[in-house]
Amino acid sequence: MYKFFKEQLDSKIENHNLRTLREYCPLDAVRVKRDDKEYLMMASNNYLGLTFDTRVIEGALKGTQEYGTGSGGSRLVSGTFPLFTELENALAKFKNTEKALVFNTGYMANVGTISAIADKDTIIFSDALNHASIIDGCRLSRGTIKTYGHCDIDELKYLLKSVDRNTQKLIVTDGVFSMDGDIAPLDKLYELSREYNALLMVDDAHATGTIGNGHGTAAYFGLEKEVDIQLGTLSKSLGSVGGYVAANSTIIDYLVNTSRSFIFSTALSPADIGAALAALHVLESDISVLQRLHENVNYMADKLISMGINATNETPIFPILIGRNEDTLAVSEYLYESGIIGTAIRPPTVPIGESRIRLTVTAAHNKEQIDYVCQSLHNAMKQL
Ligand SMILES: Cc1ncc(COP(=O)(O)O)c(C=O)c1O
């Protein structure tokens with residue numbers, strides 16, 4: 001009965017593609033401990049470093065003290081506490097939309113939104129490097145999926161042209177691409193969406209708290225009122241867990257009534273919501289946090305470039321392209337021995353032959369740490 005699973009695992013070992021869980025004990029937003037040794041975390045999405053911010057911890061504690069440890073039910077049945085309404089109002093204001101709706105994860109927000117918005121008669125145009133949760137949402141919708149080359153506007157236009165104008169259409173893209181850190185050409189996608197009568201949805205999981213003054217991709221392009229659906233997560237820059245969709249009232253009311261991952265799951269805990277709400281307040285009111293992130297991004301990019309390592313993004317994601325799985329694992333292991341967590345990202349997360357170390361910098365790192373990481377990476381690459 002287990003033969004198939006064992007064979008699959010063996011084949012992953014052979015291809016240097018086996019995943020295993022490693023336990024780390026966080027000491028603060030950027031340092032972790034394992035087997036009595038301290039490591040610098042360069043692989044998290046905690047971009048603003050808010051997971052240990054006293055204001056955010058206070059938000060989580062207050063949520064628990066006021067409303068208990070669990071929500072006890074789905075949002076429509078019994079789980080909508082005042083904190084949810086407060087967070088959704090704050091998110092809608094932050095994203096400059098009429099309404100927002102909180103889901104349990106960003107993954108569930110994508111799966112539940114796309115499968116509700118698109119049906120079997122919808123044609124979905126999806127960037128080739130979109131996140132797995134977008135891909136799964138597209139599959140679940142049973143619509144026709146047309147994948148266009150990464151940020152390839154010409155190919156998208158060609159595909160849109162070939163479809164009847166009256167067919168229901170959705171264009172969906174990551175705002176900041178999770179494994180590459182580049183920014184989608186949302187202005188051009190928007191133009192095409194209006195020209196060809198398509199809905200436009202952007203996933204701001206890595207864009208909220210990082211670009212557009214922290215407000216995300218639509219704000220970066222000045223298109224907050226124009227983009228139909230701005231989706232995001234509470235689990236990265238906002239230091240908590242959860243997902244959300246910000247859009248006009250019609251879309252949000254429709255999702256409340258049709259989105260299965262929203263309807264059929266117990267609501268997040270008050271601690272999660274309290275933390276996210278506090279983090280959003282920090283992002284809006286304390287500009288020093290975002291400033292520190294931007295300073296660190298620029299500092300790290302300059303440093304890597306000075307060492308001959310390609311680093312052209314404006315975002316905290318530094319994809320260090322290596323290629324082969326075994327070489328990528330070797331670099332990751334070298335970093336680990338040097339006290340740095342820089343995870344090897346391999347297929348199917350990235351295309352075959354494009355394995356990489358995905359380094360991320362946060363507002364909570366200091367320059368000395370960044371210097372050390374860049375030098376260690378440089379040394380690791382020389383070993384190949
Ligand atoms: C682009 C993108 N969308 C959605 C998600 C899912 O968000 P969450 O981790 O909150 O489920 C992620 C990352 O995990 C992501 O990178």
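A pocket is here an open set of grid points with protein on both sides within 12 Å along at least five of seven lines, and its volume is the space filled by probe spheres set on the points. By that definition, the second largest pocket of this predicted model has a volume of about 300 Å³.

**Domains and their interface**

The chain is divided into domain 1 (17-46 + 287-382) and domain 2 (54-285). Their centres, taken over C-alpha atoms, are separated by 26 Å. At the interface, 19 residues of domain 1 are in contact with 21 residues of domain 2. The area buried between domain 1 and domain 2 is about 1500 Å², and carbon and sulfur atoms give 58% of this area. One salt bridge is found across the interface of the two domains. In the salt bridge between Arg356 and Asp180, the side chains meet at 3.2 Å, N to O.

**Pockets**

The largest pocket has a volume of about 1200 Å³. It is lined by 39 residues, of which Tyr24, Met41, Ala43, Ile341 and Thr343 are the closest to its centre. Two or more lining residues come from each of β2 (31-34), α14 (325-337), β12 (340-341) and β13 (344-345). Among the elements, α14 gives the most to this lining, with four residues. Each of domain 1 and domain 2 supplies at least three residues to the lining of the largest pocket.

The second largest pocket has 15 lining residues, and Asn130, Ala132, Pro348, Thr349 and Val350 lie nearest its centre. This pocket lies between domain 1 and domain 2, because both domains give residues to its lining.

**Cavity**

A search of the whole structure finds one cavity of 30 Å³ or more. About 40 Å³ of space lies in the largest cavity. Its lining is formed by Arg75, Val102, Phe103, Asn104, Ser261, Phe262, Ser265 and Ala267. The elements β4 (99-103) and α11 (260-263) each give two or more residues to this lining.

**Composition of the linings**

The table sets out the lining residues by class.

| Site | Nonpolar | Polar | Charged |
|---|---|---|---|
| Largest pocket | 16 residues | 15 residues | eight residues |
| Second largest pocket | nine residues | four residues | two residues |
| Largest cavity | four residues | three residues | one residue |

Methods. Residues are numbered from 1 along each chain as its sequence is written. This is a predicted model: local features need pLDDT of at least 70, side-chain atom pairs count only at pLDDT 80 or more; totals for chains, interfaces and linings use all residues. Side-chain values use heavy atoms; hydrogens and water are left out. On a 1 Å grid over the protein atoms alone, a cavity is a set of points where a 1.4 Å probe fits but cannot get out, and a pocket is an open set with protein on both sides within 12 Å along at least five of seven lines; lining residues have an atom within 4 Å of a point. Ala, Val, Leu, Ile, Met, Phe, Trp, Tyr, Cys and Pro count as nonpolar, Asp, Glu, Lys and Arg as charged, and the others, Gly among them, as polar. Domain bounds come from an automatic or database domain assignment. Contact means heavy atoms within 4.5 Å. Buried area is the accessible area (1.4 Å probe) that two parts lose on being put together, summed over both. A salt bridge is a side-chain nitrogen of Lys or Arg within 4 Å of a carboxyl oxygen of Asp or Glu.
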